[in-house]
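Here is a quick tour of a few local features worth a look. Have the sequence and the coordinates open while you read.

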Amino acid sequence: MRTSNLGHVRNLGILAHVDAGKTTVTERILHLTGATHKQGEVHDGTTVTDFDPQERDRGITIFAAAVTCAWDGHRITLIDTPGHVDFTDEVERSLRVLDGAIAVFDGVAGVEPQSETVWRQADRHGVPRIAFVNKLDRAGADLDAAVESIRRRLHPAPLVVQLPIGREDGFTGVVDLLRPHDVPDELKEEAHRRRRLLEEAVAELHPLALDEFCAAGTVSAETLEKALRDLTRIGDGLVVLCGAAYRDRGIEPLLDAVVAYLPSPSDVTPVRADRPADPAAPLAALVFKVVATTTGRLTSVRVYSGTLRKGDQVLDAGTGRTERIARILRVQADRFSEVDSAVAGDIVALAGPKAARVGATLCAPGAPVLLEPPVTADPVVSVAVEARRNGDRLAPALAWLAEEDPSLVVRTDPENGQTVLSGLGELHLEVAVEKLRRGRGLEVAVGRPQVAYRETVVRGVSGLVYRHVKQDSGAGQFAHVVLDVEPFDDGFEFASAIVGGRVPREYVRAVEAGCRDALSDGPLGGHPVTGVRVTLVDGATHVKDSSELAFRAAGRFGLREALRASEMRLLEPIASVVVTVPDDAVGGVLGDLAARRGRVAGSAVRSGTAVVTATVPLAELFGYANRLRSRTQGRGTFTARPAGYAPAP
């Protein structure tokens, strides 16, 4: 499936909260476009993109999977992304290489916690989106309520371009408000009213539509479509469609909207001015996924510029290593078809590169370039792991895990020598350990999960003097610093109040670097320090013995001494939790949350179901899923997402 016209290419992701139906949307798109001949179902474990055994066992998407299909002369590459908070790093890596996205919302629940998380991720990457309100065939589904939740929590200008035909079980399809035809008689008046509202909303946002509206009193379908395309691509408007993917309602218009409104690779800003989306430009490709199996290694890349051919030698710009491209593969989830080349705008997998990691830039050796890599989230939960059998080689298997998933961190505890595996949540670590068992045949013993604590300054110190003096054979080391330490709202800030050149600028930078070194382990328990401002207020040098190395050491040891003299506080990670239970079980749930040191922010009851929102220390959520199921006879569910840090008791 090739196209020589970049304007006929769409690279997009499917984003949603868990269980909003994005995998079913993907499955229906593949079937409608002819990419598959039989519809798969999540509950049967037969979907194309959820091919991993763990995904089929758990009934959720865990790993981002790419598929390709064709619609109306366009090649569409879809990446079905996870909806669970523990796997947001998979979403982050996918968004880094996408040009657009479909945000899927549950027609009953509207905007849910993970909907907001993935939305903010897409905002950071500047990815244009259209919205699809799914599951309108369910009891309690309400398009207007879902759209209002989008307006309140995500985007101020949702632009609804369809009208549902029927409600709940009676939902049979949609009316296109741009080009209405075959409108049921009972909906003609409502369709006319909503078309008018759409024209007015678009005219307020787009000058071309405004001119036509003022001149003619209406806006044509052609002008509306152009205006909606422009508003989508610059982010000033959000096109909203609706349907019920499970029943195949609304999928064809959704595909039409992808082609009409979402950008092609040639429409988006080039990653660099010297790397346009042009097959003739020098090569630039970004690695966003690595799959290391026992039979080989596949490296998934987005080609931003140039052409990549089988047999090419490419440069890993970050390491300076040369890699050979043995095969280029078009990806269809867990199946592949070989192609001879890939050009700007393509998303493909490569066989051959042996050391390129996630975030690496592959480029032409004669025209090196370094692209910005995806941001990797800091781990918040850790477990100790060890092999149960003496012959099992755990270290290489853990290295394999971390190579595939950079949000997994492996380290050795310096106090007890245990191997510690850290990740983004309890489920994230469960999946990782299960991969060791299934993928490498290891029997692994796992300790109780531990959360990542932080330390912060409550009351600092002023005028702390630290002199670093060291005299060995030859040149010595001398650095004299005076530091003020005080609380800071977030993170770390360094400032210099040096006047008169008492400490040269290069030594000031060395002091800052030393202070950053000192933040890795605080005085309370060796946890990272955050929320501190350090000011270098004075200092002195020696004509021969002062150096950047000496001042870096002074900064490191001086700040450590200042932190020991400060009043410090231990911080623990907290999570924002949304619990959904039958209304007759809400009392027990509230009591259990209180016992877990949770703070309830609110609750609401709708159609016999209670939704409770709260903030709970992450350490108190281990095992909560099983506890909730037992309290509600299996009818309760919850979602959690990181909500920062709070003082620990």
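## Strand β31 and its partners

Isoleucine 574 sits opposite proline 617 of β33. That pair belongs to an antiparallel pairing of β31 with strand β33 (residues 609-617), which runs to 9 bridges. Keep in mind that this is a predicted model.

β31 also pairs with strand β34 (residues 637-647), again in the antiparallel sense and over 9 bridges. Here, valine 578 has threonine 639 in β34 as its bridge partner. Then there's strand β25 (residues 454-459), which is joined to strand β31 (residues 567-582) by 5 bridges, with the two running antiparallel. If you want a spot to look at in that pairing, try valine 457, whose bridge partner in β31 is methionine 568.

## Helix α12: two sides

Now for a helix. α12 covers residues 505-518, so to speak a run of 14 residues, and spans 20 Å from first C-alpha to last, close to the 20 Å expected at 1.5 Å a residue.

Which residues of α12 are buried? They are Tyr507, Val508, Ala510, Val511, Gly514, Cys515 and Ala518. These buried residues lie on the same side of α12, because they cover an arc of only 160 degrees around the axis. As background, an α-helix has 3.6 residues a turn, so residues three or four places apart point the same way. Turn to the other side of α12 and you'll find Arg505 and Arg509, both exposed.

What do the buried residues of α12 pack against? Their contacts are with three strands and a helix: β27 (477-487), β28 (492-496) and β30 (532-540), plus α13 (548-565).

## Two loop residues with positive phi

Most residues other than glycine have a negative phi. Two residues here go the other way, and each is in a loop.

Aspartate 72 isn't a glycine, yet its phi is positive, at about 55 degrees. You'll find aspartate 72 in the loop between β2 (65-71) and β3 (74-80). Is aspartate 72 buried or exposed? With a relative accessibility of 60%, aspartate 72 counts as exposed, because the cut-off for that is over 50%.

Lysine 135 is the other case: phi is near 65 degrees, a positive value in a residue other than glycine. Lysine 135 belongs to the loop between β5 (129-134) and α5 (143-153).

Terms used:
Residues numbered from 1 in each chain as written. Predicted model: local features only at pLDDT ≥ 70, side-chain atom pairs only at ≥ 80, totals over all residues. Heavy atoms only, no water. Helix = DSSP H or I, 4+ residues; strand = E, 2+ residues; numbered from the N terminus. Buried < 20%, exposed > 50% of the residue type's maximum accessible area, 1.4 Å probe, protein only. Arc of directions from axis to C-beta. Contact = heavy atoms within 4.5 Å. Pairing = 2+ DSSP bridges.
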